[in-house]
Amino acid sequence: MDIRELYQEVILDHNRRPRNFRVPERTTCKAEGYNPLCGDKITVYLQIEGDLIQDVGFQGTGCAISKASASLMTDALKGKSLEQANALFTQFHDLVTAPAASSVSADALGKLAVLAGVREYPMRVKCASLAWHTMRAAMTNTHVVSTE
Ligand code: ZN
């Protein structure tokens, strides 16, 4: 199986069976994100206690990339500190916006690296980053409409 097919498989799996597709019982903050280019709409819920993301979930509708990205993100963020979450945001953002030819340093990103393929499809970058921008907005309880 070539690496692209594997990546594709992970994305399809998370689209079919999104992880943490629910509202955490003790949500402390949330935000809604909307990607008008594709029509993706998601709400990200965070349960933050002290400096830790104790729980995270999401709801919404969108394309496979936006859903898989949100699913992978929620898995990656659970139990992380706010500082770690911000660092991950930056790493993910770099991953999906880097020039398509550049190599990916996927080590720190783990499974999230499967989304590196969107770099070749500029329209899809917004789909992949929507959940992340929404998560950051939730942290500060602000609303995002469009993502860059
Ligand atoms: Zn989309």
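A contact here means heavy atoms within 4.5 Å. The structure shown in every view is a predicted model.

**View 1. Overall arrangement of the protein chain.** The chain holds 4 helices and 3 strands, in the order α-β-β-β-α-α-α from the N terminus. Of its 148 residues, 45% count as buried. Among contacts with a separation of 6 or more, 58% join residues 24 or more positions apart. The chain exposes about 7,500 Å², and carbon and sulfur atoms supply 52% of this area.

**View 2. Surroundings of Leu77.** Leaving aside residues up to four places away in sequence, Leu77 touches Ile53, Val56, Ala85, Leu88, Trp132 and Met135. Two of these partners, Ala85 and Leu88, are among the buried residues of α3. Leu77 itself belongs to the largest nonpolar core, where Leu77, Trp132 and Met135 are among the residues that touch the most other members.

**View 3. The largest nonpolar core.** This core has 41 residues, and the members with the most contacts to other members are Leu46, Leu77, Phe92, Trp132 and Met135. At least two residues come from each of α1 (3-16), β1, β2, β3, α2, α3 and α4. The largest contribution is that of α4, with 10 residues. In soluble globular proteins, nonpolar side chains tend to be buried together.

**View 4. Helix α3 and its buried side.** Helix α3 spans residues 82-97, and its 16 residues reach 22 Å from first to last C-alpha, close to the 22 Å expected at 1.5 Å a residue. Its buried residues are Ala85, Leu88, Phe89, Phe92, His93, Leu95 and Val96. These residues lie on the same side of α3, because they cover an arc of only 160° around the axis. An α-helix has 3.6 residues a turn, so residues three or four places apart point the same way. The cover over the buried residues of α3 includes β3, α2 and α4 (122-139).

**View 5. The zinc site.** The zinc ion is coordinated by SG atoms of Cys38, Cys63 and Cys127 and by two OD contributions from Asp40, at 2.2 to 2.6 Å. The donor residues follow the sequence spacing C-x1-D-x22-C-x63-C. Cys38 sits in the loop between β1 (29-35) and β2 (40-49), and Cys63 in the loop between β3 (52-61) and α2 (64-77), so this pair ties together parts that are 25 residues apart in sequence. Are these two cysteines, Cys38 and Cys63, buried or partly exposed? Cys38 counts as partly exposed, at 34% relative accessibility. Cys63 counts as buried because its relative accessibility is 17%, and the cut-off for buried is under 20%.

Definitions and conventions. Residues numbered from 1 in each chain as written. Predicted model: local features only at pLDDT ≥ 70, side-chain atom pairs only at ≥ 80, totals over all residues. Heavy atoms only, no water. Buried < 20%, exposed > 50% of the residue type's maximum accessible area, 1.4 Å probe, protein only. Areas by Shrake-Rupley, 256 points an atom, 1.4 Å probe, with all protein chains shown as cover. Donors = N, O, S within 2.8 Å, 3.2 Å for Na, K, Ca; no water. Expected span 1.5 Å × (residues − 1). Arc of directions from axis to C-beta. Core = buried A, V, L, I, M, F, W, Y, C linked by side-chain atoms within 4.5 Å.
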